[in-house]
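Got the structure open and not sure where to start? Let's walk through it together, one stop at a time.

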Amino acid sequence: MDEDFNPKTPDREGVRYLSYGASVDPPLWSAFYQSHRILKREEGPNDGLVSVESSKWGDYKGTLVNVSHLDLINWTNRLRWLVWEMTGNKRK
């Protein structure tokens, strides 16, 4: 990214860039367990898919702790609702 994408994608003048990162230590059964281990070894703390270091762009606002990539994109709640509905429950 630093050598190829970033130089070809300059910031646009007049646009304010803000970013956050996230880190989590996923349990053994997590879909992100293996990817987290690889990223942690290569780049340090991460959310299971994106390292904190890689998430920094513009004005870095901080790192959300115990937050996975699924949490960031709100899929954690979607998966909970799916399981909830598959077990015969209805949304209110």
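We'll begin with the overall layout, then visit a few residues and the charged pairs.

A quick word on ground rules: this is a predicted model, where local features need pLDDT of at least 70, side-chain atom pairs count only at pLDDT 80 or more, and totals for chains, interfaces and linings use all residues. Residues are numbered from 1 along each chain as its sequence is written, and side-chain values use heavy atoms, with hydrogens and water left out.

Start with the big picture. The chain has five helices and two strands, and going from the N terminus you meet them in the order α-β-α-α-β-α-α. (Helices, H or I with at least four residues, and strands, E with at least two, are DSSP runs numbered from the N terminus.) Of the 92 residues, 25% count as buried; buried means under 20% relative accessible area, exposed over 50%, and partly exposed in between, with a 1.4 Å probe and protein chains only. Take the contacts with a separation of 6 or more, and 53% of them are between residues 24 or more positions apart. Contact here means heavy atoms within 4.5 Å.

For an example of that kind of long reach, find L64 in strand β2. Its C-alpha atom is 4.5 Å from that of A22, though the two are 42 residues apart along the chain. Setting aside neighbours within four places in sequence, L64 is in contact with Y20, G21, A22, S23 and L72.

Now hop over to D47, in the loop between α2 (33–43) and α3 (52–55). What is the nearest side chain of opposite charge to this buried residue? The answer is K40, 13 Å away, and D47 has no salt bridge. (Lys and Arg count as positive and Asp and Glu as negative, while His and the chain ends are not counted; a salt bridge is a side-chain nitrogen of Lys or Arg within 4 Å of a carboxyl oxygen of Asp or Glu.) D47 does have other partners, though. A polar atom of its side chain lies 2.7 Å from the backbone nitrogen of V50, and its side chain makes a polar contact with the side chain of H69 at 2.9 Å. A polar contact is a pair of N or O atoms within 3.5 Å; within protein, one must be able to donate a hydrogen and the other to accept it, and residues adjacent in sequence count only if both atoms are side-chain atoms. H69 itself lies in helix α4, and beyond four places in sequence it touches F32, D47, L49 and V50.

On to the charged pairs. Side chains of opposite charge can pair when their charged atoms come close. The structure holds five salt bridges, including one between D25 and K40 (3.9 Å, N to O). That pair links distant parts of the chain, with D25 in the loop between β1 (18–23) and α2, and K40 in helix α2, 15 residues apart. D25 is exposed at 59% relative accessible area, while K40 is partly exposed at 46%. E53 and K56 also meet in a salt bridge, at 3.5 Å. The charged end of K56 sits over the ring of Y60 too, 5.2 Å from its centre; that label needs NZ of Lys or CZ of Arg within 6 Å of the ring centre and within 35 degrees of the ring normal.

One last stop: N66, in the loop between β2 (59–65) and α4 (69–72). Most residues other than glycine have a negative phi. N66 is not a glycine, yet has a positive phi of about 60°. N66 is also exposed, with a relative accessible area of 60%.
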